[in-house]
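Q: Please take a close look at one side chain and the pairing around it, and then follow the picture outward to the rest of the chain. A careful, connected account would be welcome.

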Amino acid sequence: MDSLISALSKLFKQAYEQGVADGRSQQTVAHKMIGRKDFDHEFGIKVDAFDKHYRDKQGFPKPEGDGKWYAPAVDKWLLNHQNVSN
């Protein structure tokens with residue numbers, strides 16, 4: 001009986017992790033470029049918080065030559081760097 005419970009537990013964990021991975025791979029933001037003032041509307045990040053906590057963070061997407069960020073790249077970075085607590 002313990003081996004059945006263990007096997008089911010492992011199966012549920014794998015299914016959950018696959019669901020999370022699948023959800024992260026789906027695009028949730030339109031292909032567009034956004035300026036720093038658009039981060040609040042697009043991601044709920046105020047301009048001051050963006051400048052202080054995200055803009056220069058290692059690995060954060062860099063703006064293009066026009067000073068705008070590719071929204072899907074930012075979305076993907078945010079999803080991959082979120083803190084999830086149990």
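A: In this predicted model, lysine 32 counts as partly exposed because its relative accessibility is 33%. Its partner is glutamate 42, with which lysine 32 forms a salt bridge whose closest N and O atoms are 2.8 Å apart. This pair links distant parts of the chain, since lysine 32 sits in the loop between helix 1 and strand 1 while glutamate 42 belongs to helix 2, 10 residues apart. Glutamate 42, for its part, is likewise classed as partly exposed, because its relative accessibility is 23%, where the class begins at 20% and anything under that value would be called buried.

The bridge between lysine 32 and glutamate 42 belongs to a total of four salt bridges in the structure. Another brings together the side chains of arginine 36 and aspartate 51, with 2.4 Å from N to O. Because arginine 36 lies in the loop between strand 1 and helix 2 and aspartate 51 lies in helix 3, this pair ties together parts that are 15 residues apart in sequence. Both partners fall in the partly exposed class: arginine 36 because its relative accessible area is 28%, and aspartate 51 because its value is 27%. A further bridge joins the side chains of aspartate 40 and lysine 46, at 3.3 Å from N to O. Here aspartate 40 is partly exposed, with a relative accessible area of 30%, whereas lysine 46 counts as exposed, with a relative accessibility of 53%. Where salt bridges share partners, they join Arg36, Asp51 and Arg55 into one network.

From the charged side chains the account can turn to the aromatic ones. The structure holds nine aromatic pairs. One of these is formed by phenylalanine 50 and tryptophan 69, an edge-to-face arrangement with 5.1 Å from centre to centre and 90 degrees between the planes. Phenylalanine 50 lies in helix 3 (residues 47-54) and tryptophan 69 in strand 2 (residues 69-70), so this pair ties together parts of the chain that are 19 residues apart in sequence. Both of these residues, phenylalanine 50 and tryptophan 69, are buried. An edge-to-face pair is also formed by phenylalanine 60 and tryptophan 77, with 5.0 Å from centre to centre and 80 degrees between the planes. This pair, too, links distant parts of the chain, for phenylalanine 60 is placed in the loop between helix 3 and strand 2 and tryptophan 77 in helix 4 (residues 71-80), 17 residues apart. Phenylalanine 60 and tryptophan 77 are both buried. The four residues of these two pairs recur in a cluster of linked rings, which takes in Phe39, Phe43, Phe50, Tyr54, Phe60, Trp69 and Trp77.

Tryptophan 77 leads on to helix 4, whose buried residues are Ala71, Pro72, Val74, Asp75, Trp77 and Leu78. What covers these buried residues includes strand 1 (33-34), helix 2 (39-43), helix 3 and strand 2. Helix 2 and helix 3 thus appear in this cover as well as in the salt bridges described above, helix 2 through glutamate 42 and helix 3 through aspartate 51.

Helix 1 (residues 2-25) offers a view of the surface, with phenylalanine 12 placed within it. Phenylalanine 12 counts as exposed because its relative accessibility is 57%. Together with Met1, Leu4, Ile5, Leu8 and Leu11, Phe12 makes a nonpolar surface patch of about 660 Å².

Seen as a whole, the chain has four helices and two strands, and from the N terminus on its elements run α-β-α-α-β-α. Its radius of gyration is 18 Å, well over the 12 Å that the globule rule gives for 86 residues, so the chain is more spread out than a compact globule. Along the principal axes, the C-alpha trace spans about 60 × 25 × 20 Å. Of the 86 residues, 19% are buried, and the accessible surface of the chain comes to about 6,800 Å², with 51% of it belonging to carbon and sulfur atoms. Among contacts with a separation of 6 or more, 51% are made by residues 24 or more positions apart.

Notes
Residues are numbered from 1 along each chain as its sequence is written. This is a predicted model: local features need pLDDT of at least 70, side-chain atom pairs count only at pLDDT 80 or more; totals for chains, interfaces and linings use all residues. Side-chain values use heavy atoms; hydrogens and water are left out. Patches are made of residues with over 30% relative accessible area and no salt bridge: like charges are joined within 9 Å, nonpolar side chains (Val, Leu, Ile, Met, Phe, Trp, Tyr) within 5 Å. Accessible areas come from the Shrake-Rupley method with a 1.4 Å probe; for residues, only the protein chains shown count as cover. Buried means under 20% relative accessible area, exposed over 50%, partly exposed in between (1.4 Å probe, protein chains only). Rings of Phe, Tyr and Trp (its six-membered ring) pair if their centres lie within 6.5 Å; planes under 30 degrees apart count as stacked, over 60 as edge-to-face and the rest as tilted. The radius of gyration is taken over C-alpha atoms; the globule rule is 2.2 Å times the number of residues to the power 0.38. Contact means heavy atoms within 4.5 Å.
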